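Me: I am new to reading protein models and would like to work through one step by step. Could we look at it together?

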Amino acid sequence: MVTRVAYMGIPSSNSEQAAIELAGAMGWDVFALIPKEDSRNTVAALDSGEADYGVVASRNVTAGPVLETEESLSGRDDIEILRALWLPIHHCVFVRRPAITVKHVASHIQALLQTKDHLDALFPDADRVEVSDTAVAAEMLADGRLSEDTAVICRRNAGEMFKLLMIHENIEDMEGNMTEFELLRLRK
């Protein structure tokens with residue numbers, strides 16, 4: 001039987017990596033990953049029976065609690081945390097083409113908070129654009145949903161998957177930046 005694991009994010013996101021590592025820690029040889037983009041949809045996948053387990057980010061050493069996860073789990077005493085994992089988080093800056101003037105920086109709020117000092121130094125006049133996931137930001141820039149004068153903050157593999165150009169690497173403000181991810185299921 002295939003174990004179905006929903007996670008907040010899309011392929012190449014930090015949450016996907018956490019889901020893979022948590023599945024390995026549980027000893028699951030056969031599992032299917034179900035991308036759900038955010039915590040709310042991950043919890044909904046548990047509720048609907050679409051997924052057996054869910055993986056969500058709970059907190060970061062730099063930026064603190066992941067508010068979308070707290071809100072998704074608020075008042076839920078029917079969900080239990082089976083396991084937690086701290087995952088090192090490294091952020092890169094990607095653009096669509098070289099030599100652009102960056103007017104916007106887009107990413108998940110957590111990534112924007114974890115890179116605030118670097119972003120203020122690199123792009124002091126650029127506005128910040130919050131999106132649902134770091135890998136989603138890369139996808140949006142690649143497919144034109146974000147303007148060409150936008151830079152995105154994401155994992156290296158996400159930017160590479162969407163064939164973007166990396167202009168800065170490891171811009172997290174805190175050395176040793178890590179996020180805790182939790183493996184959830186409905187109580188039996």
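Me: How many residues does the largest nonpolar core have, and which have the most contacts inside it?

Reply: Happy to help! First, this is a predicted model, so local features need pLDDT of at least 70 and side-chain atom pairs count only at pLDDT 80 or more, while totals for chains, interfaces and linings use all residues. Residues are numbered from 1 along each chain as its sequence is written, and side-chain values use heavy atoms, with hydrogens and water left out. A nonpolar core is a set of buried Ala, Val, Leu, Ile, Met, Phe, Trp, Tyr and Cys residues joined through side-chain atoms within 4.5 Å; the largest one here has 22 residues, and those with the most contacts inside it are V5, A18, L22, W28, V55, F181 and L183.

Me: Which helices and strands each supply at least two residues of this core?

Reply: Helices (H or I, at least four residues) and strands (E, at least two) are DSSP runs, numbered from the N terminus. Those that each supply at least two residues of the core are β1 (3–7), α1 (14–25), α2 (39–48), β3 (53–60), β5 (79–88) and β11 (178–186).

Me: What does V5 touch, not counting residues up to four places away in sequence?

Reply: Contact means heavy atoms within 4.5 Å. With those sequence neighbours left out, V5 touches A19, W28, A32, L33, I34, Y53 and V55.

Me: How is the aromatic pair arranged: stacked, edge-to-face or tilted?

Reply: Rings of Phe, Tyr and Trp (its six-membered ring) pair if their centres lie within 6.5 Å; planes under 30 degrees apart count as stacked, over 60 as edge-to-face and the rest as tilted. The structure holds one such pair. The ring centres of W28 and Y53 are 4.6 Å apart and their planes are at 40 degrees, so the pair is tilted.

Me: How many residues apart in sequence are the parts that this pair ties together?

Reply: Both W28 and Y53 are buried (under 20% relative accessible area; exposed is over 50% and partly exposed in between, with a 1.4 Å probe and protein chains only). W28 lies in the loop between α1 and β2 (31–35), while Y53 is in strand β3, so the parts tied together are 25 residues apart in sequence.

Me: Within what arc do the buried residues of α2 fall?

Reply: The buried residues in α2 are S39, T42, V43, A45 and L46. An α-helix has 3.6 residues a turn, so residues three or four places apart point the same way. The arc is that of the directions from the helix axis to the C-beta atoms. The buried residues of α2 line one face of the helix, because seen down its axis they fall within an arc of 150 degrees.

Me: Which exposed residues does the opposite face of α2 carry?

Reply: The buried side has a cover that includes β1, β3, α3 (67–73), β5 and β11. The face turned away from that buried side carries the exposed residues R40 and S48.

Me: Which residue caps the N-terminal end of α2?

Reply: Look for a side-chain oxygen that lies 3.4 Å from the backbone nitrogen of R40. The residue that caps this end of α2 is D38.

Me: Is E37 buried, exposed or partly exposed?

Reply: E37 lies in the loop between β2 and α2. Although E37 is not a glycine, it has a positive phi of about 70 degrees. Its relative accessibility is 33%, so E37 counts as partly exposed.

Me: How many disulfides does the whole structure hold?

Reply: A disulfide is a pair of cysteine sulfur atoms within 2.5 Å. The sulfur of C92 is 6.8 Å from the closest cysteine sulfur, in C154, which is too far for a bond. A search of the whole structure finds a number of disulfides equal to zero.

Me: What is the length of the polar contact that joins the side chains of H90 and E172?

Reply: H90 lies in the loop between β5 and β6 (92–95) and touches C154, R155, N170 and E172, not counting residues up to four places away in sequence. A polar contact is a pair of N or O atoms within 3.5 Å; within protein, one must be able to donate a hydrogen and the other to accept it, and residues adjacent in sequence count only if both atoms are side-chain atoms. For the side chains of H90 and E172, the polar contact is 2.8 Å.
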